[in-house]
Amino acid sequence: MTDTLEKIAEEVRACAACELHHSRALGVPGVGPANAEIMFIGEGPGFHENQQGQPFVGAAGDYLNELLQLIGLSRQDTFITNVVKCRPPGNRDPLPEEIEACKAFLDRQIVLINPKMIITLGRYSMARWFPSARISKVHGQARRMGGRLIYPMYHPAAALHQPSLRPLLEEDFRRIPELLRQVDSIAEAAEDEEPPEEQPRQLSLF
Ligand code: SF4
């Protein structure tokens, strides 16, 4: 049977594969067009997301919308999801076993959407591609892996809590259009290659 985003969403809403289904009001599979060039992956649903079944609503969602406007995009142009699709109680961090249990949904979404660029928001989604990297060192450095760009960024909620991160996040966002234009000419990184921590941030990938 052909896989679809709607099928994944239905499965998420009925899933009991990890403990997070106990704290779920509504599952939050993700939202956006199946042909999106950009896919944002955050951490997990918060209070408002859990109530509405939509990712990135509330203050962090408003800020994400603002960031998208900086580069002439709206959220309808992108697919937005999280590493776990149900709310961790009390907004705690998702546990490794919960991320692992939910991984197959994210894998299927990536296959179906096949985005040119995956933007990881925060360290939990970054860790899937760069498990030992520190976000403070590698944010804003794109790597081409598996035929697409993986671009780590701070989570918008982190920038709301720590205003000094806002200019960094906004600068990283402003580079998205140029990176998208370059994506086909960027060399593939080695499978285990992480963004270099000690180098100055790259303004161009070459
Ligand atoms: Fe299932 Fe993911 Fe929800 Fe856990 S977080 S219950 S794996 S959909």
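This passage walks through the cavity, the ligand, the largest pocket and a few individual residues of a predicted model.

A good place to start is the interior. Rolling a probe the size of a water molecule over the atoms shows where empty space is left. A search of the whole structure turned up 1 cavity of 30 Å³ or more. The volume of the largest cavity is about 100 Å³. Its lining consists of 14 residues, and those nearest the centre are Cys15, Cys18, Cys86, Cys102 and Phe105. Helix H4, which spans residues 96–113, supplies the largest share of this lining, with 3 residues. In terms of residue class, the lining of the largest cavity holds 11 nonpolar, 1 polar and 2 charged residues.

This cavity is also where the ligand is found: the ligand sits in the largest cavity. Around the ligand are Cys15, Ala17, Cys18, Leu20, His21, Arg24, Lys85, Cys86, Ala101, Cys102 and Phe105. Sorted by class, this shell comprises 8 nonpolar residues, 1 polar residue and 2 charged residues. Two of the cysteines can be described further. Cys15 has a relative accessible area of 18% and is therefore buried, as the value is under 20%. Cys102 likewise counts as buried, at 10% relative accessibility. With several cysteines named around the ligand, how many disulfides does the model contain? A disulfide is a covalent bond between the sulfur atoms of two cysteines. When pairs of cysteine sulfur atoms within 2.5 Å are sought, the count comes to 0 disulfides.

Attention now turns from the cavity to the open spaces of the model. The largest pocket has a volume of about 630 Å³. It is lined by 31 residues, and the closest to its centre are Glu43, Gly44, His155, Ala157 and Ala158. Four helices each give two or more residues to this lining: H2 (47–52), H3 (58–70), H5 (123–129) and H7 (156–161). The largest share, 4 residues, comes from H7. By class, the lining of the largest pocket divides into 16 nonpolar, 10 polar and 5 charged residues.

Two residues stand out for their backbone angles. Phe56 is not a glycine, yet it has a positive phi of about 50°. This phenylalanine belongs to the loop between H2 and H3, the two helices that also contribute to the lining of the largest pocket. Is Phe56 buried or exposed? At 4% relative accessibility, Phe56 counts as buried. Asn91 is the second case, with a positive phi near 60° in a residue other than glycine. Asn91 is placed in the loop between strand E2 (78–82) and H4, and H4 is the helix that gives the largest share of the cavity lining. Unlike the buried Phe56, Asn91 is partly exposed, at 46% relative accessibility.

A final residue of interest is Arg166, which lies in helix H8 (residues 166–174). The relative accessible area of Arg166 is 28%, so this arginine is partly exposed. Arg166 and Ala9 are 157 residues apart along the chain, and their C-alpha atoms are separated by 32 Å.

Definitions and conventions. Residues numbered from 1 in each chain as written. Predicted model: local features only at pLDDT ≥ 70, side-chain atom pairs only at ≥ 80, totals over all residues. Heavy atoms only, no water. 1 Å grid on protein atoms, 1.4 Å probe; cavity = no way out; pocket = protein on both sides within 12 Å on 5 of 7 lines; lining within 4 Å. Points joined across faces, edges and corners; volume = space filled by probe spheres on them. Nonpolar A, V, L, I, M, F, W, Y, C, P; charged D, E, K, R; others polar. Near = heavy atom within 4 Å. Sits in = over half its atoms within 2 Å of the grid points. Buried < 20%, exposed > 50% of the residue type's maximum accessible area, 1.4 Å probe, protein only.
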